[in-house]
Amino acid sequence: MTGNSPAVVSASKLGLTFQTNDGPVQALSNVDLTIGKGEFVSFIGPSGCGKTTLLRVIADLEKPTAGTISVNGMTPEQARESRAYGYVFQAAALFPWRTIERNVGLPLEIIGLSRAEQAERIKRTLELVNLSGFEKKYPWQLSGGMQQRASIARALAFDADLLLMDEPFGALDEIVRDHLNEQLLELWERTNKTICFVTHSIPEAVYLSTRIVVMSPRPGRVSDIIESTLPKKRPLDIRETPEFLAIAARVRDGLRAGHSYDD
Amino acid sequence: MDSFRDKIVPVTSILLGVVVVWYVMAVVLNTPFQRDLDRRANEAPGVVEFLGKTLSQPKPTLPAPHQVATNFFENTFLRSVTSNRSLVYNAWVTLSSTLLGFAFGTALGIVIAVGIVHVATLERSLMPWIIASQTIPILAVAPMIIVVLAAIGITGLIPKALISTYLSFFPVAVGMVKGLRSPEIMHLDLMHTYNASRAQTFWKLRVPASVPFLFTSMKVAVAASLVGAIVGELPTGAVAGIGAKLLAGAYYSQTIDIWSALVAGSVVAALLVMVVGIAGRLVDRAMGGRPA
């Protein structure tokens, strides 16, 4: 869909083998993938398929042992050093001793922005995730969903064009998750970021993505890539449409083809 | 009201039990000497009179609680605080070296912990020595420290404080190593994604994460500091301090004085631990801790 713009993430023959006490484990093998600017790409698969590992390689939290990968045309390390991406973890990972505004301001402090600039960005990103009014609260005073929204705000605060999200809503109940999915889509539309989103929920992946990367384990690999035909504007009840269900069925087939339902 | 039922009642019951056992033991232990006295004086007192006498000897083997309480009360509240018999004065002398030693010890413990967390070789080279240092009986080391320091002209507060330091740096060092390493992997990864420098990770993540560990270890350290200060007073023939009171009491068989000095020491220890605990809670609250 954005074929002529430069790739944000480009991987070729990418592999990663962990050395463990039980011998080598191939977490990723032969991954070829190109993600264009403005895409919303989901990585789906059972545990052990390497979806989180792939995200961590993009983020330079793991080093690949084979193949090449570039992020914004640089190595992942250079990309990290230039703060090319914001990362959202499975848990909100807020610092409990900082208020919400100071948590969101953490990356800004590290980058070394002026106080005024920090305050301005904190205000703007908290508005973006609908958390205005909670600036002075500590994380424990917020619900799980609000904490995760604060952590998304923190990832957005320094205006990186790439957002890496590792099962950010996995620990939340379905009602909160629906709500956050809706908000995330809205946010993606408004900010025009590129988003890589790891999940193990088929409806979540289909609802959010422009492209769904289906992965399977042993060794972790890409077994299918599905282009979504859904429009960019997606109300929650789009999930009842035949088009949505057809894509979901393809994802399910892809998972089955990768023997992901074994054991 | 709940805290009354949950805390005060059980603690008071134990205290009552201790007092009862104490009285019984006082009678039992003081009986032989009292019999001896009575035999020499050719007296044959009744049971009640005899019991009363065992509990009011001037130099009993085991003073009765009320004797200790009276002595403690007199020497704490009825004497001028400048008198060298005043427990307040003696407690202050010990307290001042305790606090100085505790401050040194905490600072030293933190410095060692920071070193160990950041320099891998320090952990391997320093840690065994730190642990070994605590296996040496302090009673053996204390006189040497004091004699050696006196030989180079350092006397008074500093040598005693150094013994407190010796005992108090250890829990702080161990606690802080644990505390500085307590951040979750996820938090460390987060700092990594921001390309944070080591110094930034240290100040913004490791230090705040270690604060609860610091206060827990400081509670242990402050009690150890007090022990160090008291022990430091024993071999020097110190003229004042709780240790000096203990020693003087032992010389002159003033058992009641010994016990009331002991009580004074315990009160000081309890107060110190309490103050550190309160400080810890205030800091926790200031850092956004969830009220218990």
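## Helix α1(A), the A–B contact and B:D284

In this predicted model, the residues A:K51, A:T52, A:T53, A:L54, A:L55, A:R56, A:V57 and A:I58 of α1(A) are buried. Because eight of the eight residues of this helix, which covers residues 51–58 of chain A, are buried, α1(A) is largely enclosed by the rest of the structure. After α1(A) comes A:D60, which has a positive phi near 65 degrees.

The contact between the two chains draws 18 residues from chain A and 15 residues from chain B. On the side of chain A that touches chain B, two or more residues are given by each of α2 (76–81) and α3 (100–111) of chain A. The largest share of that side, three residues, is supplied by α3(A). By residue class, the side of chain A that touches chain B is made up as follows.

| Class of residue, side of chain A touching chain B | Residues |
|---|---|
| Nonpolar | 14 |
| Polar | one |
| Charged | three |

In chain B, helix α11 (residues 255–286) contains B:D284. This residue counts as partly exposed because B:D284 has 17 C-beta neighbours inside 10 Å, whereas a buried residue would need 20 or more and an exposed one 12 or fewer. When neighbours within four places in sequence are left aside, B:D284 is in contact with B:P212 and B:G289. A separation of 38 Å lies between the C-alpha atoms of B:D284 and B:L246, two residues that are 38 residues apart along the chain.

Methods
Residues numbered from 1 in each chain as written. Chains lettered and ligands numbered in written order. Predicted model: local features only at pLDDT ≥ 70, side-chain atom pairs only at ≥ 80, totals over all residues. Contact = placed C-beta atoms within 7 Å. Helix = DSSP H or I, 4+ residues; strand = E, 2+ residues; numbered from the N terminus. Nonpolar A, V, L, I, M, F, W, Y, C, P; charged D, E, K, R; others polar.
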